[in-house]
Amino acid sequence: MDQKPTEAPEGVSVSAARAARDLRVVFSRLRRRIREVGRDDELTPSQVSALTLVGKHGAATASALACAEGVRPQSMAATLAALEQHGLIRRGPDPDDGRRQLVTLTESGRERIEGNRQVRAEWLTRALEDRFTEDERQTLIEAFALMERLTQS
């Protein structure tokens, strides 16, 4: 990270402001790099996102998926149609309300998500092995334990 001085809000140390900035920048770059590694050239980013969402949450309506993704229902309908053409999702009647359809993963969709997840995990593991010493990896592990506090209420 660069060594530019950071201005801190009143009552906040310069080190806290710099750590916050550096953390945002590094996580943003890492997230982008992990997405690149797991990129699926057949699917658009919005299709990958929708497929992942169905994988995480299970059966859902198109409108619920649109809401979760923050897109219009028409956009989600087009995304789901493409995923259905690829054989990655299926639509079926909602057992609780026959007027609605639920979107679920096909076996092929499940395999696609798992394969993508595995490729990203292997890349990250290999990068940590190849680019860091054992002492540096231990330092990262200790830092992650500290950063875990950020996730707590």
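**Exercise 1. Helix α5 and its long distances**

Arg-110 has a relative accessible area of 43%, so Arg-110 counts as partly exposed. Keep in mind that we're working with a predicted model.

Task: Find which helix holds Arg-110, and work out how far Arg-110 is from Asp-130 in space, C-alpha to C-alpha.

Solution.
- Step 1: Look up the helix. Arg-110 sits in α5.
- Step 2: Count along the chain. Arg-110 and Asp-130 are 20 residues apart in sequence.
- Step 3: Take the C-alpha to C-alpha distance, which comes out at 30 Å for Arg-110 and Asp-130.
- Step 4: Try another arginine of this helix. Arg-112 is also placed in α5, and with 23% relative accessibility Arg-112 is partly exposed. Its C-alpha lies 40 Å from that of Ala-16, with the two positions 96 residues apart along the chain.

**Exercise 2. Sequence separation against space**

Task: For Gly-115 with Gly-38, and for Ser-75 with Asp-135, set the separation along the chain beside the C-alpha distance.

Solution.
- Step 1: Place Gly-115. This glycine belongs to α5, which covers residues 107–131, and at 31% relative accessible area Gly-115 is partly exposed.
- Step 2: Pair Gly-115 with Gly-38. They're 77 residues apart in sequence, yet their C-alpha atoms are 8.9 Å apart.
- Step 3: Place Ser-75. You'll find Ser-75 in α4, partly exposed with a relative accessible area of 30%.
- Step 4: Pair Ser-75 with Asp-135. Here 60 residues of sequence go with 48 Å of space, C-alpha to C-alpha.

**Exercise 3. Pairing up the charges**

Task: Say how many salt bridges the whole structure has, then go through the pairs of Arg-21, Arg-33 and Asp-97.

Solution.
- Step 1: Get the total. Searching the whole structure turns up twelve salt bridges. As background, side chains of opposite charge can pair when their charged atoms come close.
- Step 2: Start with Arg-21. Its partner is Asp-22, and the closest N and O atoms are 2.9 Å apart. Asp-22 has a relative accessible area of 12%, so Asp-22 is buried; the cut-off for buried is under 20%.
- Step 3: Go on to Arg-33. This arginine bridges to Glu-36 with the closest N and O atoms at 3.5 Å. Both residues are in α1, three residues apart, or about one turn of the helix. Arg-33, at 34% relative accessibility, is partly exposed, and Glu-36 is partly exposed at 43%.
- Step 4: Turn to Asp-97. The salt bridge from Asp-97 to Arg-100 has its closest N and O atoms 3.9 Å apart, and a salt bridge needs that distance to be within 4 Å. Asp-97 is buried, with 17% relative accessible area, while Arg-100 is partly exposed at 40%.
- Step 5: Widen the view. Asp-97 and Arg-100 belong to a salt-bridge network with Asp-94 and Arg-99.

**Exercise 4. Two patches on the surface**

Task: Name the residues that form the positive surface patch and those that make the nonpolar one.

Solution.
- Step 1: Collect the charges. Arg-29, Arg-31, Arg-32 and Arg-35 form the positive patch.
- Step 2: Locate one member. Arg-32 is part of α1, residues 14–37.
- Step 3: Check its exposure. Arg-32 has 46% relative accessible area, so Arg-32 is partly exposed. That clears the patch cut-off of over 30%.
- Step 4: Now the nonpolar patch. Val-26, Phe-27 and Leu-30 make a patch of about 220 Å². Val-26 is in α1 as well, and is partly exposed with a relative accessible area of 38%.

**Exercise 5. Inside the fold**

Task: Work out which elements build the largest nonpolar core and which gives the largest share.

Solution.
- Step 1: Size up the core. The largest nonpolar core has 16 residues, and those with the most contacts inside it are Leu-51, Leu-65, Leu-80, Leu-83 and Ile-89.
- Step 2: List the suppliers. At least two core residues come from each of α2 (45–57), α3 (62–69), α4 (73–85) and β2 (97–105).
- Step 3: Pick the top contributor. With four residues, α2 supplies the largest share of this core.
- Step 4: Add the background. In soluble globular proteins, nonpolar side chains tend to be buried together.

Terms used: Residues are numbered from 1 along each chain as its sequence is written. This is a predicted model: local features need pLDDT of at least 70, side-chain atom pairs count only at pLDDT 80 or more; totals for chains, interfaces and linings use all residues. Side-chain values use heavy atoms; hydrogens and water are left out. Patches are made of residues with over 30% relative accessible area and no salt bridge: like charges are joined within 9 Å, nonpolar side chains (Val, Leu, Ile, Met, Phe, Trp, Tyr) within 5 Å. Accessible areas come from the Shrake-Rupley method with a 1.4 Å probe; for residues, only the protein chains shown count as cover. A salt bridge is a side-chain nitrogen of Lys or Arg within 4 Å of a carboxyl oxygen of Asp or Glu. Lys and Arg count as positive and Asp and Glu as negative; His and the chain ends are not counted. The place of a charge is taken as NZ of Lys, CZ of Arg, CG of Asp or CD of Glu. Buried means under 20% relative accessible area, exposed over 50%, partly exposed in between (1.4 Å probe, protein chains only). A nonpolar core is a set of buried Ala, Val, Leu, Ile, Met, Phe, Trp, Tyr and Cys residues joined through side-chain atoms within 4.5 Å.
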